[in-house]
Amino acid sequence: MRKTRVLLLSFVSIFFLAARADEFRFPLKFGSVRFAAIGDMGTGDTPQYEVAQRMVAARQNFPFEFVIMLGDNIYGGSTPRDFEKKFEVPYKPLLDAGVKFYASLGNHDNPNERFYKLFNMNEATYYTFKKGNVRFYVLDSNYMDAKQLEWLQKQLQEAGEGDWKICYFHHPLYSSGKTHGSSIELRSLIEPLFIKYGVDAVFSGHDHVYERVKPEKGIYYFVEGSSGQLRAGGLAKSSITDDGFDSDRTFMMIEITGDELYFQTLSRAGNQVDSGVLRRPVRTPAPTK
Amino acid sequence: MQTKRWPRHASQAMLLAAVLLFERAAIVGGQNAAPPSSKEEAKNAAEFKEFLDRVQAYVNLHKTVASSLPTLKPTPLPEKINAHEQALARKIREARPHAKRGDIFSEKSVAAFRRAVRDEFEGAQGRLARKTIQQGEPLKEVHVRINEPYPDGVPFTTVPPTLLLRFPKLPDEVAYRIVGRDLILQDVEANLVIDSIHEIFPPAI
């Protein structure tokens, strides 16, 4: 019998803490999953280094264990010097502290970055990994062919319902960025899988701004494309925008414990841009006929 | 001797493409045309067969050449990745020194690829495909040549995913790319341009 599922999202169960920096606190619960998110960072320019320094400072209070990279990891070339200047040097303190980086590919990335051990891609342009109660799906949105779609469907299908499911990739399905905006064609192919198999949250970059999108069909979407690049004034806040920021570089920190996802977005200057708590949507299987 | 993988892969790809295109049609408001009929599929399969045979022959060559080099495993040393990429490209160039346009994209397949692009861009969903390419930072001033590397530092224009579903599925060693109005076939690991179809895409993208 084909088991169908419906997604029942109770917006009562979603709450945001519109907190100021001095009010927001990560719970730092034992066994929680703690990570940072950066996108469009690999410029090698001063702002990237300043964001990296801010990440190091923030880690003293919020000891994140790994970083998800939302693409455009190395702009402008893939020589050893590029890797050094645009990744190894700025994030050296984090690398030295044992923080792992898990990369997705942007349109400025040479696909052979998959062989770079510090990106933890294990030779694949799309892959999955698990941390605690969170399963991550890292996609190659530059090249969403039938093979990758089959792989994604199979992976989501096999994951079951117990864990958080988080997808990340470069091109945003929802974005109010003036430069690129939503990748509607990509959305038409992968959003149905996200809905069907209960993906909880999605992180992307590409638009050089920060945006938290209102939950779309029960899924939380973030655009974090300003961890090195910045399109100042590049966010045209729209009906899909819950919050956004486009006047400085940013990065995100996330803690997942049980059914709650805590997040805080900081600017290069260390100011809080956004923060809150998202509760995992309630999903119940549909009655079977 | 070439491996005869075409029928199974091609039929799987066509089936999935048909299903996904059909689902997508519903999602974008029924704008899309119906999935290809079995008659159209058969015609496509016939037209793409020679192309896929040639792709497989190329992949066999790639594998032979790659086997003469140390296997590239994940490494913290980017210079090793660069050296491998360049050595592989050099040896492939040596193995096909006179490679030229049309060596892999057969004449029949070019017609089928052009038809697929036309159907994609002229259909109701053409607007979305154009937008995908525009969002992927299309390359207008870049010219690539067969048997030369894809230029370092130049972005990869996003290939519209629905267009990929219309194209025959490729082995992992090669990928479709878009440069300007041309469709490029790239050896991914060697970062080498191995064939192209000139001006297959409409001018206004």
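**Note on two loop residues and a helix pair**

1. In this predicted model, A:H206 is found in the loop that lies between β8 (201-204) and β9 (210-216) of chain A. Its phi is near 75°, which is a positive value in a residue other than glycine. Most residues other than glycine have a negative phi, and that is the reason for drawing attention to this position.

2. As to its surroundings, A:H206 has 31 other C-beta atoms within 10 Å and is therefore buried, given that 20 or more such atoms are needed for a residue to count as buried.

3. A second residue with a positive phi is A:N122, likewise a residue other than glycine, for which the value is near 55°. A:N122 has its place in the loop between β4 (100-103) and β5 (127-131) of chain A. With 13 other C-beta atoms within 10 Å, A:N122 is partly exposed.

4. Turning to the helices, α4 (residues 146-159) and α5 (residues 184-196), both of chain A, pack at an angle of about 10°, and their axes are 10 Å apart. Because angles under 35 degrees count as roughly parallel, α4(A) and α5(A) are described as roughly parallel to each other. The crossing in which α4(A) passes α5(A) is right-handed.

5. On the side of α4(A), the contact is made by A:L149, A:L152, A:Q153 and A:L156, while α5(A) contributes A:L189, A:I190 and A:L193. By character, the residues of this contact of α4(A) with α5(A) comprise six that are nonpolar and one that is polar, with no charged residue among them.

Note on methods
Residues are numbered from 1 along each chain as its sequence is written. Chains are lettered from A and ligands numbered from 1 in the order in which they are written. This is a predicted model: local features need pLDDT of at least 70, side-chain atom pairs count only at pLDDT 80 or more; totals for chains, interfaces and linings use all residues. Axes are lines fitted to C-alpha atoms, for helices over the stretch in contact, and angles run from 0 to 180 degrees between N-to-C directions. Helices (H or I, at least four residues) and strands (E, at least two) are DSSP runs, numbered from the N terminus. Angles under 35 degrees count as roughly parallel, over 145 as roughly antiparallel, 65 to 115 as roughly perpendicular and the rest as oblique. A crossing is left-handed if the near helix is turned anticlockwise from the far one by less than a right angle, and right-handed if clockwise. Two residues are in contact if their C-beta atoms, placed from the backbone, lie within 7 Å. Ala, Val, Leu, Ile, Met, Phe, Trp, Tyr, Cys and Pro count as nonpolar, Asp, Glu, Lys and Arg as charged, and the others, Gly among them, as polar. A residue is buried if 20 or more other C-beta atoms lie within 10 Å of its own, exposed if 12 or fewer, and partly exposed in between; C-beta atoms are placed from the backbone.
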